[in-house]
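Hi everyone, thanks for coming. Today I'd like to walk you through the empty spaces in one model, so please have a look at it with me.

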Amino acid sequence: MGPAELVQAAAMARRFYLEGKSKIQIAEEFGVSRFKVARVLETALERDLVRIEIRVPAELDAERSDALRARYGLRHAVVVESPAEAEESPDPENLGEVAADLLGELVTEGDVLGLAWGRSTIHMAAALDRLPPCTVVQLTGVYDAGTAERGSVEAVRRAAQVSGGDAHPIYAPMLLPDAATAAALRNQTGIARAFEYFDKVTVACVSIGSWEPGISTVHDMLSDEERAHYASLGVAAEMSAHLFDAQGRRVGRDLGERCITVEADRLRRIPEVVAIAGGQRKAAAIDAVLRSGLVTSLVTDTAAADFLLAAGPGPRPALQRTDPDD
């Protein structure tokens, strides 16, 4: 390209890439055809006159995020770089910060936001600094009623405070001794009022646990005999007191009868369900829950993403919300 051609190519590239003008508008300005403009822009790229650089914040892994979204048919997948010292952590706090930003994008004015119990959702709520006006409802009881002020009740209050909307917490344990006690609690006025909002939830945030000590709050609440029983059913993952085998099928459904939690069928009807979970120890559990079709979006880290992407081809149930039990 001669100097005149270089100057013209630079001017056209500036109009197209920086000023946002169409090829037709550029063609009219320079008195050439739009096909000539297209050829000049293509040549400008080939000759390195124009460089296109795609940049995201250093802590986000765009390539893994897109691959994970495609692998599971997710609506959104955000993969965060795992700090070397935190790869074994079951709930890296940086996931909550990124999830808080994602929630700021997904929630719109008038939505009903549902928050399930989980360390990662608690981290997420603490990191929230913006939310459109929305109603916030708790989707599960708490791990320990005595820690409600520091757990999911406080998370619901925090999200409602940021959004300026109403809060509907649940002051009850997640797991009860028997189904009759759980049923009685569900009928109490405050809890029943929260349950009435479950069918109105438009965006939900949930955590995922693998079936081992310290990684699943439900696992830790059960007796040794109960843990062994559910393990014998092939439990690979837990989410909001729902148990799943490695293929994403629900097992141990009797446990849900003893729990204060949103039903799986209701979760499946929520338009956007965001799971927040990372770390190598949770990777297989994340795979199991994604196969269940209950989750539409995921915030995770590179430690878990590498496992998920190496697992080979699998189903893409998220957007279809298919139930592997059917």
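Strand S8 (242–244), strand S9 (250–251) and helix H12 (254–257) are where I'd like you to look, since each of them gives at least two residues to the lining of the second largest cavity. Keep in mind, please, that this is a predicted model. The full lining of that cavity is Ala241, His242, Leu243, Arg250, Val251, Gly252, Arg253, Leu255 and Gly256. Sorted by class, those residues come out as 4 nonpolar, 3 polar and 2 charged. And how much space lies in this second largest cavity? About 30 Å³.

Now hold on to H12 for a moment, because we meet that helix again in an open site. H12 and helix H13 (264–269) are the elements that give two or more residues to the lining of the second largest pocket. This pocket holds about 200 Å³ of space. Its lining has 13 residues, and nearest the centre lie His242, Arg250, Gly256, Glu257 and Glu263. You may recognise some names there: His242, Arg250 and Gly256 also line the second largest cavity. As for chemistry, the pocket lining has 6 charged residues, alongside 4 nonpolar and 3 polar.

Back to the closed spaces. How many cavities of 30 Å³ or more does the structure hold? There are 2, and the largest has a volume of about 130 Å³. Around that largest cavity sit 14 lining residues, and the closest to its centre are Trp117, Gly118, Ser207, Thr217 and Glu238. The class split for this lining is 6 polar, 4 nonpolar and 4 charged.

Last stop, the largest pocket. Its volume is about 280 Å³. Here 15 residues form the lining, with Leu60, Val78, Val98, Asp101 and Glu105 the closest to the centre. Three elements give two or more residues each: helix H4 (62–72), strand S1 (76–80) and helix H5 (93–106). Which of them supplies the largest share of the lining? That would be H5, with 6 residues. In this pocket the lining counts 7 nonpolar residues, 5 charged and 3 polar.

So, to pull up the two pockets once more: about 280 Å³ for the largest, and about 200 Å³ for the second largest. For the cavities, the figures are about 130 Å³ and about 30 Å³. That's my tour, and I'm happy to turn the model around for anyone who wants another look.

Methods: Residues are numbered from 1 along each chain as its sequence is written. This is a predicted model: local features need pLDDT of at least 70, side-chain atom pairs count only at pLDDT 80 or more; totals for chains, interfaces and linings use all residues. Side-chain values use heavy atoms; hydrogens and water are left out. On a 1 Å grid over the protein atoms alone, a cavity is a set of points where a 1.4 Å probe fits but cannot get out, and a pocket is an open set with protein on both sides within 12 Å along at least five of seven lines; lining residues have an atom within 4 Å of a point. Grid points are joined across faces, edges and corners, and a volume is the space filled by probe spheres set on the points. Ala, Val, Leu, Ile, Met, Phe, Trp, Tyr, Cys and Pro count as nonpolar, Asp, Glu, Lys and Arg as charged, and the others, Gly among them, as polar. Helices (H or I, at least four residues) and strands (E, at least two) are DSSP runs, numbered from the N terminus.
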